[in-house]
Each structure stands twice: as C-alpha cells, then as structure tokens.
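The exercises below invite a reader new to this structure to work through one chain and the face it turns to its partner. Please look at the sequence and the structure before reading each solution.

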Amino acid sequence: MRYEIRHTTAYEYSEEVTHCYNLGYVLPRETPRQSIIDTKIIVTPRADQAMVRHDYFHNRFYHFSIEEPHDALDVTVHSVLEVADLPNVDIQSGPICSEVFNCLKTMETEETLSAREYVIESPFIKWNDKIRAYAQPSFDPNLPFLSCVMNLTQRIFSDFTYDPGFTNVSTPLAEVLEHKRGVCQDFAHVAIACMRSLGYAARYVSGYLETLPPPGQKKLVGADATHAWFSAFIPTLGWVDFDPTNNAMTGKQHLTTAWGRDYSDVPPLKGILFGGGDTSTLKVEVDVNQVQDDPAP
Amino acid sequence: MEPAINSLNGYPNPPSHDEVYTQAGDVRPHWQYLLQSLSSLGFEAIEDRQMKASRILRDDGANYKLLDSPDAQNVWKLNPIPLLIDSEEWGLIESAIQERSELFNLILEDLYGPQTLIKHRVIPPELVLSNPSFLRPAFPFTAHDHQSLILHAIDLVRNSAGEAIVIADRTQSPSGAGYALENRVVMTRVFPSLFRESHVHRLAHFFTQLRFKLNSLNPNGGIPRVVILTPGPHNESYFEHAYLSNYLGFPLLQGKDLTVREGLVWMKSLDGLKRVDVILRRIDDVYLDPVELRGDSLIGIPGIMEVIRSGRVIVANPVGSAFLENPALYRYLPAIGKHLQGREPRLKSAQTWWCGDPNDLEYVLAHLPELFIKHCYRKPGFYSVCGPELDEHKLTAWRKRIIKRPWHYVAQECIQKSSAPTWYQGQILPRPSELRVFALAGEGEYVMMPGGLTRASLEESPKMVSSQPGLLFKDTWVIASEPEKAAPSRPSALPEDVVEIQAELSSRVAENIFWLGRYAERAEATLRYMRTLFLQFNRVEPLPERAYRTLLRGLTQLTNTQPGFLVEDEALFKNPETELFSLIKDPERVGSVASSLTLMLNAAEEVQEQMTSDTQRIINDIGDEIGYLNEQFQPGMWSAPEEALDPLVTALLALSGLVQESMLRDYAWHFMDLGRRIERTTQMSAQIRSLFVPCYFEEEEEILVEALLMTNESINTYRRRFHSTPEINKGLAMLLMDTNNPRSILYQLHEVGVHMKNLPGSDSVLPAHAKTILEATTAIQLSDLKILATKKHHDQRLILDELMARVQYLLSATSDSLTDRYFDHSQGPQMLVQNTLYQD
C-alpha cells in the first residue's frame, strides 16, 4: 500500500529572528514493513546549510540553519511510503513474561544486548514505586508476554483521558500518572516506564496515523496528526508495536518516523534561535493519504 | 656520601609508604641532594622562600576558585618542597601511561564507533548505555587520521607497597597542566640554583608539542586558527585558561565570541568574522551545543555539533570523551586491554566494584563501610564519599541510593596514599600526596609531560585529595641522571604569519578593555574630586556657604547619584559625612568609587589573558585597596581623609602609566585609551557645568576654579602661567581649550580622533562615531572664551552650560556608536521549543 504524507511545521515570531539552527526528526525511516519511495523537505525561508544524517538509532535527522533575518519559519516535508501489511501476531502465543524477563538478562545475541538499552532509565523515563504498582497487575509471570503488554495498553487507554491542554513535552511522568491525562506521547511514556520498571525493554516510536473521516464525509485537509506509540521487545520475536492512545496494536495506518529511548531522542523539531521576541505561534498540519501505486510500465 | 637524614629531624614515622625513606629508614638516593640543600639553607630560609612563592603567585593572579564559594579568590598554595621522581622509575611510568592513553583512545573510538566492546561482551551494555556522559548526539563520530583523544590526565597514587595506582582519569577537558607550569616557573624563581643543580627535566617542550599538535589538527588547510574556549571568569580554573592562552599564544574566547555560519565556526573579531579551525575547549561536553546537548546552555556554540560532524572544526578533546572518566571501566580494564590491545594494561587502577554487576553490588552493600563510593559520571553536587567516614544513618541512605540506580555507582578500595615531605608550619612533615600526569597525542604515540601536578593534603590522613581547602600543590621534579641537554629542536616550523593572525581581538575582549579604561578613569575622577573636596573643607578659612554647597552638589552630579546633595536638606549639608563615605566605599551604589572599581576589576578579569604580570599586580593592589576603604572610612574620621584616598589614586596612575608605557599600540590599546579619554571628557564636562555655570562673587568663584584646577592637576601650571588668583576665563582656557594640557577637553578629543583613525574599517566614509567627535571638537574651537566666561543670564553662564551639555551628549553618542560598530550585541539565544530541557 502506498501512502503520501505532508507534514508542515510553521512558526511565526513576534520579533525578527536574526539566525537559527535547527534539528528535526521529520523523515520517515526504513523498517522491515515500510520503504521510502521519496522524501522532500522545503524550508522557508531557504536554509543556508542543510544536511540529512543517520543518528545513533539509525533514524534520519535533518539539520539546517537559516542565517538571514526572518520572522517566520515553515518546514514542510513530503514523503511517499510503500507499506506492507503487518504479519498477524497472535498475542496469546509466544513466550510468557518470566521467560522474556530471564532471556533479556541472559541471552547474549547482538539484538538482545542492544535491547538492554531500553530497559534502563532515559532522560524522560524515570519511574517510582507508583508506576511499578500500576504496571504490576498487567504482567502475570505465567501469561504470554504479548497478551500482558496488550493488557497494559488497554488499561492505559481506559484509565487515561486524552487531554491536549493538560501536558506539554516536559510534564513529568509522575504528574501524568497522578492525573491520568495527557496526549499520545504521554501515554507512550507511561507504558514504557511501566514496562521498564518491571525489567522489560520498551522503546518510543514517533510517526503518523492516518485517520478516516466518518462514513459519507470528506476528509479535512490537515486533519491528521503526528503520533507516538511504543514498542515492546521479545527476545525471540523482536519488536512489536502497541498504541495505547487507540487501544490497539499498530496497524496499517501507523507510519513510522523514528524511534529512540523516549521523546527526547526524536523530537520533530528543536533548535536555537537568536532574537524572535517573547512569543511565537506554532501551526502543525499533517495529511496522510493512501495513493494508487504507480501503474506498472 | 653521608645520608642527609639529619635534615629531616623530627620527621615522624610515616603511616604508609614514604617517598623519601625506604622501609629500612634510608633516604632514597634521588632525594639526597635536595634534602642536603634544604638543610644547609635552614628552616628560616625555607619559610622565606615559601612567602616569596606565595607573593609571586598572588602577583600572577594565580587562583583556583572553590566551587562552594565562587567569590573567594583562593591563591594557589605552592609548597616549597617538590615531589621527586627518579629517571628510572619515571621511564616505567611513562611507558605505562603511554599504553593507557592509547587504550583510552581505542575505547573512545570503539564506543562511539563499532562498539565491539559491547557486542563481544567485554563490558555489559548498561555500563555504557546508562551513563549520561555517553552522548548519543556525538554520533556519527568523525574519525580522523590522528588519535581522537588529544589530552589525557591521569591521577596516580602510590599504595602502601609503593606501587603506582591510577585513581582517576580526566579526559574531557583535563585541567592542571597550566598550573603545573606556573608551579615550575615559581619554583625556578624561588630556588634558582637548587633547581639548576638538581638536573630536573624541563616542561617547556611539552607545551611546544601541545601548540604544534593543536595547529596540526587544522582540518581546513591554510594557516590554522586555534582558540581556547572557556566558560568565563566564574570557572574555578579560569586562571589556567588565561595562563595557557598567553603561554600558547591562542586567543581565549567564550561561547558568545564564536558563531556558526556557512557550515564553519567563526570568531567575532573587531574586523569581522574569522574562521576558527581548532578549539581547545575547557567547557564540559554537554554545554557545547544547545541545539543538540543541553538546550539551556548559554556558554556553548549553537550549531557546532554539525560542523564537528562534517569535519570542519576539530574540538579537543572530542565531544563525548567525558565518558572515559567513568570509573566503572576500571572493573573491566584488564579485559578491555586484552580485547583492544592484546594485553592487560601494565598500570594498575584502583580495585573497583561496579554496582551494575549483581555480584559486585552484593559485595559493595556488604562492605560499604570499608569502601570509597564514587559516581559513574560527574555532575555539580556529586562528591565521592568515603565509607569509613559514614555513620549508620548515612550508610543506609547510600545503600538505598545505590540499589535504586546501581549502574551509576562504583566502590573502590580505600588506598593508603604514600607520604611526601611537606613544609608545614616551620617543619618538614610526611603528608599524603597524589600526582596528576599529562599525556598528549603525539605523532604516532602519546608523549608525556616530564613532571606533573602534585597535590598534598595538610591533614595527616585525609580520606580524599581533590581541590578542597587544606590542599596544597607541589612542583614535580623528574630527576635526570645527567644534566639535560639543550631543549630539543622545535617540531617542524609553522608559517610566520601564524603569529600575526593570533593578535586578533575578539569583540568581547575589545568591549571589556574599553570599559576597563572608562571605569578606571571614572574611579580616578571621582577620587580626585573627593580629595579636592576634603582639602577645601579643611582650609584654615571656612568655606563660603555657597561655594561649599556647590562643591557638594558637583559631587552628586559627577557621580550621577541624585538626589544626594541636590536636595536642599539642611541636615545633610551640616553633616555630609555619611553621604560622602557612602560615595566612596559602598560597592552597591552605582557611581561610588567602590562600585566603579569593582566594575573595572570585573572587566579586567574578563580579559585576564591580556594583562602583563605587572598589570596584574596593580590590579591585585586595587582589589586590596577596595577592601581597606571600608575599614578606613568609619564615622568620625575627619582628619585628613584625603590621605586615605592617595594609595588608590597612585595605583590608578600606575595602571595608566603602565598602559601608556608598555602596551603594544594595537587595537586593545586604542580601545583602552578611547575608553579613558571619552570618560575623562564626560567627567570634565560635568565638573565644568557644576562649578563654572553658576555666577557667584569673585572670592567664591575663585575657590571653585581652584578646586577644578586642583582636581585636574593644573593648579601649579596655572599659578606659574598667570600669576593671578584663579579666574573662570583663565581656568576655562586651560581646562577646555588648551591643546597642550593633557587634561584639557580639547586634548582628549584630539586623542580620541587619532584612535578612531586606527580602528578597523575607518578608512572609508566618516563613521558616526567620528562625526560626533568632529562636531564636539569644532563646537569648542568655534566658541569664544570671553563669551563663555562672561555671558550671564539669571546668574547662570547659559552659553557655557549649553556647550558642555552638547559635548556630553556627543560623547555619549560616540560611545553608543562605537558599541554598535565594534561590540557584539546580538540577542542571546533561546530555544525553539522551550521545553526540550536536557535531563540526566
């Protein structure tokens, strides 16, 4: 299946910015089920320096600077992806929690060793006894691990309220857990902290989600969103994605941009600017659309 | 030869291995000459040399600021007895250190590259991946054809068996090499013959090699521009940054002096941007680039990480090298050595247990009271603690902390450090010591500084030695078996114009020098005026009331400290002492002498590397004098208060004399003198307005003219020239118009104009700051002295007042225009997304 993504991030500043340096994770990465057909980045005003590189996690990131005065910044990315169907995963099969726990500790395959990076604390993922206590009921040592992760996903979905006004990227996890409110990124962080607190490996995934309009209605332009979910590691199977915001394992509509230990490894855009005044307005627009494959020649 | 054992009479039995005595009680051969010499010198002479050393260090401004009291100026304490190491042992240490530095370089390149140490299970992944100083933004790590680790410092102690053991590695921006050099310089001055006769290996060659190495790292071709990056004067080792900058001849810059443009790093210099090729950095990894590391860092260079990745600037040591300071590596070092070098390292490290390993953790928790606990990464507020010093309560807290984040802690054996003879309160006593040595990436292999920085503790058995109170430093003498030959020839010479480009001045330095000049002049003008006031008040004849009040009001106007004496407050004029003293000694009061001097000292600190040692000495004196002001100006001291001000006036005169006589006529000098002249004009205009504009009786005006002439050192000339009592028109002739009087306004304006012609970019159209000076000069030249002095309106010389007000305005416009043109006033950086704060 072929997808076309348009992702615009636009800032307007209250005062002139003399120059700025930015870095963004806005280019989808190759994954076993997702290949990149085309990507284009348009920065307005034109970037004076720009470079695409692979980071530590093999994500692609875009580094650019604007060295002329400007009072607005627009970064628009067009991507075309070819996405394969996900293999069916039976969450009731596979190793049980205690096996996963022990394998992570003892198996010394390269993949397992590198997964251990996702068992420990990271800049945004620290946990306390409350998080562990919240996680505990989902993980019965004798039940299939994937079914337990799904159980955690479901509980976060039903216990937490989606509330875009409540948090920002720096709201601590403890606060999210206490008020049980937040956005996709918070829910992913909660799930990751829960899993790591019990000694399992979990990583943060950023990407897009295609939304479908109600039957009979036309889809609004810019209505889609950047999205975030998490991925759990099973030593024999690899990484499996779950979306606590939508109470589901990820499906066809989930398109991956980047992954890391948590949000701080893969922010869509960050940077330093000189000038710009005290306030700025931000507008983000995303369109995710299925397109017809190119006809065979 | 008779052992020099007598010279250490009263040297108690050392608790551990001793540097001087063998277990049998014999003096080791390489100590004999020194001990004999010290003994023939006698203890009084040693004490005397010790004092001399302290004085030299103070004059050089040598200090190490303690982190917990950032304001304290802690003069470096140098002990007169060096630590001696004989050639043979040094040879062994040297080759073992070379091997270790090579190994640490390989670890760095492996962990930021293929990570075979993890993949081949040599070290557990958590040891690396849980450590906040392992920096993922350093990927992709740029490999070069030189070693990545340029400078490496290693802290060595000797255990009770006499073996050298490593207790710490410093890899991100190792400090101490400059202090070691300063120690050496002082020791050779204090003990010239002893040093000469002892056949000590010289340090200078190491710094020549360092200079050469940094130049050779240039990735961009052409003449390399190397700079030293400092966090600024508040850093505890800022003295060393400035010292190295001077010694190596590389400009000392702060993050705000540099900018990334067109994919390169540039220095903001007076005549525009200059490309920077190599940065010797003295700031921590995480502060280097707010775009990718700590977003709230104000001392870094936004965007530099991408320049580093594209290989267009070399930062030494590379970003990410802080990780090598992780003591958990010691636990695995034999295995790491085997994996990367095919052999276990020769040099032992302190025995270390890493709490991330379950067995080690168990051992540590059980033996905590005997062990030394350390963090796996450095952070302000993190200190190592010593198990034996902790009570039950604290031990429990530490156990909890360790169990919560076992990866972040190691425990090490407590090592009983060897003792070295140390001069302490008139005796030579054994004191525990440790040695920091320095390795530099050379061509092929690492080279070592033949010596190092020895630190000893005043306490008999301190648990730890670091830069804490009660700590002293020693020079380290590697004793050659025969006199050292002339310094080895320099490594292949660099192009001659290297020197030329290093003379560039950063905008920040120019600005601080300009203000150094202005504040020095402002303080001097206030001091002189005050002295005149006190002299006039204490005349035999009481002052007429109007003249008295005018003089006081003049002080308020001169110092810009309204309301002050501008209010008609009878009590205040009756008893002006409190206000006067406040204007002398209150550093919080802008405009006071103490405040101007403090601002001047701050500016001087920012440009410490531009100061000669003579200048530094005067600056130190001025700092001391500010302290005395408070003692001296206490209520009730009305007898000759002007004399208490003399030392400061003298010090300021010495400063300006030194500037005049010894400063190279480069941009720095032009800006210093511009600051001074602009300030002097401003001050004189204010004085003329205060004292000459009001019209009084002749005898009153006489007093005011005399006061102004006295303040401006022109009274004697006046008497010689005019043989008359002071009059306003003649006073004005001398102080305003006389181009031969170096204190007249016209003279200042002329000098300002000359300086401006020498500033960069002044050969084209007349710049704004030159126009304002031209206007001020012309306005004075075109005015008629007689009219200025006689034309009155409502008891005011209004024409004079207007002229002086215009001059004041034009001078302030000149200063603003210079600021716009030459100093950097770009707005500070801010984060695009406010909340991506770096956390660890």
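**Exercise 1.** Determine how many residues chain A and chain B each bring to the contact, and describe the side that belongs to chain A.

*Solution.* In this predicted model, the contact is made by 36 residues from chain A and 34 residues from chain B. The next step is to ask where those of chain A come from: β1 (2-24), β3 (49-54), β4 (60-66), α2 (110-115) and β13 (270-275) of chain A each supply at least two residues of the side that touches chain B. Among these contributors, β13(A) gives the most, with six residues. Sorted by class, the side of chain A that touches chain B holds 13 nonpolar, twelve polar and eleven charged residues.

**Exercise 2.** Find the strand of chain B with which β13(A) pairs, and state the sense of the pairing.

*Solution.* The partner is strand β21 (residues 829-831) of chain B, and the two strands pair in the antiparallel sense over three bridges. Within this pairing, A:Leu273 stands opposite B:Gln830 in β21(B).

**Exercise 3.** Explain whether the radius of gyration of chain A agrees or disagrees with that of a compact globule.

*Solution.* Begin with the chain itself, which contains six helices and 14 strands, and whose C-alpha atoms fill a box of roughly 60 × 55 × 45 Å along the principal axes. Because a compact globule of 297 residues would have a radius of gyration near 19 Å, the 20 Å of chain A agrees with that expectation. Finally, 44% of the 297 residues of chain A count as buried, while residues 24 or more positions apart account for 77% of its contacts with a separation of 6 or more.

Conventions
Residues are numbered from 1 along each chain as its sequence is written. Chains are lettered from A and ligands numbered from 1 in the order in which they are written. This is a predicted model: local features need pLDDT of at least 70, side-chain atom pairs count only at pLDDT 80 or more; totals for chains, interfaces and linings use all residues. Helices (H or I, at least four residues) and strands (E, at least two) are DSSP runs, numbered from the N terminus. The radius of gyration is taken over C-alpha atoms; the globule rule is 2.2 Å times the number of residues to the power 0.38. A residue is buried if 20 or more other C-beta atoms lie within 10 Å of its own, exposed if 12 or fewer, and partly exposed in between; C-beta atoms are placed from the backbone. Two residues are in contact if their C-beta atoms, placed from the backbone, lie within 7 Å. Ala, Val, Leu, Ile, Met, Phe, Trp, Tyr, Cys and Pro count as nonpolar, Asp, Glu, Lys and Arg as charged, and the others, Gly among them, as polar. Two strands pair if DSSP finds at least two bridges between them.
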